[in-house]
Amino acid sequence: MTTSKVHPGETTKTLSWELKEGVIELALHHPPCNEIGSAMLEDLERFAAALESAEGKAGALIVYSQREAGFSAGADLRELYGASLKLGAAERVSGVREFLERIHRVFNTIDASPLTTIAAVHGVTFGGGFELALACDLIVADKMARFCFPELRLGLIPGFGGLPRLRRDVGNAVVRDLLLTGRSINAAKALAAGLVSQVAAEGEALRAARATAAQALKFDRTASAAAKRFAKPIPREELRREIDLFCELFARPAAMDGLRKFVEDTGAHPYLP
Amino acid sequence: MKTLEQTTDELLGLAAQHFKIAREELGPGDDFYKKLKIDSLRALELITRLENHFGIELPDYEVQGVTDFRTLASRIQARL
C-alpha cells in the first residue's frame, strides 16, 4: 500500500473526495442537508466509478458530511414530487424505478467494495442518508446523531436498500420499531441496537472514523476483504424485491398524497411522525 | 426522583444553552418552536440533547403536538 497521495480526487456540485495515505474521504456538501436527488445521484455515480478504479490504491473509505445539520436528510422529496407532478402514472413509476436502480448500483458498489468503509455521521441521518450509512461496514456516530426511516409517513417504504440492509444488521424488533413507527432514535440507542459501531463526542465522529481507518489499514487487504465478504453478504434478492415493492406502493395515489402533504407543509412539524 | 419543576428548569437551561439564548428569556409556558425559532428538525436536536442529558428515550411521536416547555418536561418526567 502506498502512503502518499496518489489521486487528486474530485469536487463536484454535491460532494468531493480525495485519496490520502490509503484512505478515501468522501465529503457530502449539498445544502441544505445532503438531500439525495438527481444531482447527488449523478455525483455519487462518478464517485462509485472512481472508487472501483482506486481499489488497488486505497484500503479504507470514510463517508462524512460537511453540512452542519447532519449526515443526510435522505431522498430529495421536493424534487421527486415536482418531477412526478409532470408525469402520467406509468411514467412516474418507470422514472422512480430508474432512479432506484441507479442508486442501488451506487450503494451496492460501496457495500461490496473490498475497502473497509466507514460512515462518520452526525445530526440528521434519515431515510436515504441512513441507507447510505448502512451500506458502509461501520457507522461511527456523533452523540447528537439521529436515525430515522420516515417513509411510511409517505405511504412508502425505504427504497435505497435500507430494508434489506437493516434486516442484515439488526434484530427484527429494531427493524419493525424503526419502520412501523417512523420514529427517530439517538446514537446511544443505535449503538445498543447494533446499528452503530462507535459513539463519539460531539464533533468528533470524523476524527474517530479516521483513527478507525488507520487501524484497518494495518491489516492485509486480501484478508480484510475476505473477512468482509464473509461477514457482510450483499442481500441482492431482497434488494431487488425492495425496488419492486417500492414501485408498487409508489404507483398508488396515497404516495403522491403523502409527498404533497410533506412538500406543502409550511408548519414547523414535517419531520415529526 | 426529580420534581416536574426541577425537570422543567433543567430543560429550560439545556434549551437556552443549545440554542444560544438567555435562560431568563424562556418560561415554562413558552411555545418552544416560536421562542427558539426552530423547525421540527431542530426540535429533534433538542430531543437528542434531552435524551442524552436525562438518560432516557423520548420517542418523537410522544412529543408530536407538544409545543410548550412545561408539557415537554412532563413527557420527560414520565420517562425518568
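Start by selecting residues 124-126 and 146-148 of chain A: these are strands S7 and S9, and they pair in the parallel sense over 3 bridges. Keep in mind as you go that this is a predicted model. For a landmark in the pair, pick Phe126(A), which stands opposite Cys148(A) in S9(A).

Now widen the selection to the whole sheet. S7(A) and S9(A) belong to an open sheet of 4 strands, ordered S5-S7-S9-S10 in chain A, with mixed pairing. Colour S5 (70-72) and S10 (184-186) of chain A to see the edges: each has a single partner strand, so one side of each is left without a neighbour in the sheet. Ignoring direction, neighbouring strands here are turned by 25° against each other on average.

**What packs on the sheet**

Next, show H4(A), which packs on this sheet and touches S5, S7 and S9 of chain A. The direction of H4(A) makes about 85° with that of S7(A). Is this helix mostly covered, or mostly open? Select residues 127-135 of chain A and you have the answer: 9 of its 9 residues are buried. Among the buried residues are Gly127(A), Gly128(A) and Gly129(A), along with Phe130(A) and Leu132(A).

Bring in chain B at this point. Helix H3 of chain B, residues 40-54, lies across S7, S9 and S10 of chain A and runs at about 45° to S10(A). For the contact between the two chains, 16 residues come from chain A and 14 residues from chain B. The side of chain A that touches chain B has 8 nonpolar, 4 polar and 4 charged residues.

**Two helix pairs in chain A**

Stay with H4(A) and add helix H5(A), residues 162-169; their axes come within 9 Å and cross at roughly 50°. That angle makes H4(A) oblique to H5(A), and the crossing is left-handed. Which residues meet here? Show side chains for Phe130(A), Glu131(A), Leu134(A) and Ala135(A) on the H4(A) side, and for Gly162(A), Arg165(A), Leu166(A) and Asp169(A) on the H5(A) side. By class, the residues of this contact divide into 4 nonpolar, 1 polar and 3 charged.

For the other pair, select H2(A), residues 77-85, and H11(A), residues 253-264. The axes of H2(A) and H11(A) come within 10 Å and cross at roughly 125°. H2(A) and H11(A) are therefore oblique to each other, and their crossing is left-handed. From H2(A), the contact takes Leu77(A), Arg78(A), Leu80(A), Tyr81(A) and Ser84(A); from H11(A), they meet Met256(A), Leu259(A), Arg260(A), Phe262(A) and Val263(A). Counting both helices, the contact of H2(A) with H11(A) holds 7 nonpolar, 1 polar and 2 charged residues.

**Last stop: a hairpin**

Finish with residues 15-20 and 23-28 of chain A, strands S2 and S3, which run antiparallel and are joined by 6 bridges. To check the register, find Leu15(A): its bridge partner in S3(A) is Leu28(A). The two strands form a hairpin with 2 residues between them, and Glu21(A) in the turn has a positive phi of about 50°.

Where do the side chains of S2(A) point? They alternate: Leu15(A), Trp17(A) and Leu19(A) point to one face and are buried, while Ser16(A), Glu18(A) and Lys20(A) point to the other face and are not buried.

Methods
Residues numbered from 1 in each chain as written. Chains lettered and ligands numbered in written order. Predicted model: local features only at pLDDT ≥ 70, side-chain atom pairs only at ≥ 80, totals over all residues. Contact = placed C-beta atoms within 7 Å. Nonpolar A, V, L, I, M, F, W, Y, C, P; charged D, E, K, R; others polar. Buried ≥ 20, exposed ≤ 12 C-beta atoms within 10 Å, placed from the backbone. Pairing = 2+ DSSP bridges. Axes fitted to C-alpha atoms, helices over the stretch in contact; angles between N-to-C directions. Parallel < 35°, antiparallel > 145°, perpendicular 65-115°, else oblique. Left-handed = near helix turned anticlockwise from the far one by under 90°.
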